[in-house]
Amino acid sequence: MADTFNIQDVYDKLAQSRLEHLAEISLRNKSENLLKDLLREQKKMTAHFMAIREEERKSVAREIQEDLGQMLASMQLNLSLMTLESHDQTQIAVRTKELEQLISSSISAVQRISSQLRPVMLDQLGLAEAIEWQLQEFMKSSGIPCKGIILLKEKSVHIEVATAIYRVLQEALVNIFNCSGATDIQVTLLERSGFLTLSVCDNGSGLSGNIISEERSLSIARMREWAMVFGGKLRICSTSSNGNALLARIPINRQGG
């Protein structure tokens, strides 16, 4: 005997199909909205990173113009004066000494600016030695004592990850010198559980409750960018002694774009 036709079953199947269709449309709409949000966020991040890059270029260009430009102009002036004073041997000796000092200062400026564009020490010495060299150079130029503790299991670190750590340290030291008024700095670099962890602590003015200057805000953004690009994180906080503590944690095996 054939099954009797049940109109209710047809209605139920149609209703179920309609619900499934609506759920599929809702899921597709959510996915499209999520994709749009991600694209908007990506555009914002790209614009943000481009602004940071432009600020870095402006900073280097300003140093070239202010430091090297002034030194080269001074050399030109001294050479012109030497021509006029060719009959005065004593004055020529003075001018020659001034030129030697200007050339020496120009060489130092070129080395400093070059290290900002590309940290050659990383290629030549490796991360641990490059950090020790950077701390020594910073102490010489700033007069602020720096203590470094470096504990790496592997001497060789992927060059891009090493560059990120080195850049964060450079930026942190400049930030401390320009903004915090610290008189003591401790830098620690540890390798643990597949991560490199850099900590930079100082006894300068803390961030908590203070208005962060535009210069300091850009500096923090640059440090965060270096960490994030390789799948890491960066945190800055005030310590109990009103100093600052920076922590950057980056996977030792390169991640990110």
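**Exercise 1.** Work out how strand 2 pairs with strand 3, and what sits in the turn.

*Solution.* Start with the pairing: strand 2 and strand 3 (residues 195-202) run antiparallel, joined by eight bridges. Strands here are DSSP runs of E with at least two residues, helices are runs of H or I with at least four, and both are numbered from the N terminus. Two strands count as paired if DSSP finds at least two bridges between them. Next, pick a bridge: Gln186 has Cys201 in strand 3 as its partner. Finally, look at the hairpin: two residues lie between the strands, and Ser193 takes a positive phi near 55°.

A quick note on the source: this is a predicted model, where local features need pLDDT of at least 70, side-chain atom pairs count only at pLDDT 80 or more, and totals for chains, interfaces and linings use all residues. Residues are numbered from 1 along each chain as its sequence is written, and side-chain values use heavy atoms, with hydrogens and water left out.

**Exercise 2.** Find the sense in which strand 1 pairs with strand 2.

*Solution.* Strand 1 (residues 146-151) and strand 2 (residues 185-192) are parallel, with six bridges. Then check one position: Leu151 is opposite Leu190 in strand 2.

**Exercise 3.** Decide whether Ala128 is buried or exposed, and list what it touches.

*Solution.* First, place Ala128: helix 4 (residues 127-142). Its relative accessible area is 18%, so Ala128 is buried (under 20%; exposed is over 50%, partly exposed in between, 1.4 Å probe, protein chains only). Leaving aside residues up to four places away in sequence, Ala128 touches Ile150 and Leu152 (contact: heavy atoms within 4.5 Å). Last, the spacing: Ala128 and Ile150 are 22 residues apart in sequence, yet 6.6 Å apart C-alpha to C-alpha.
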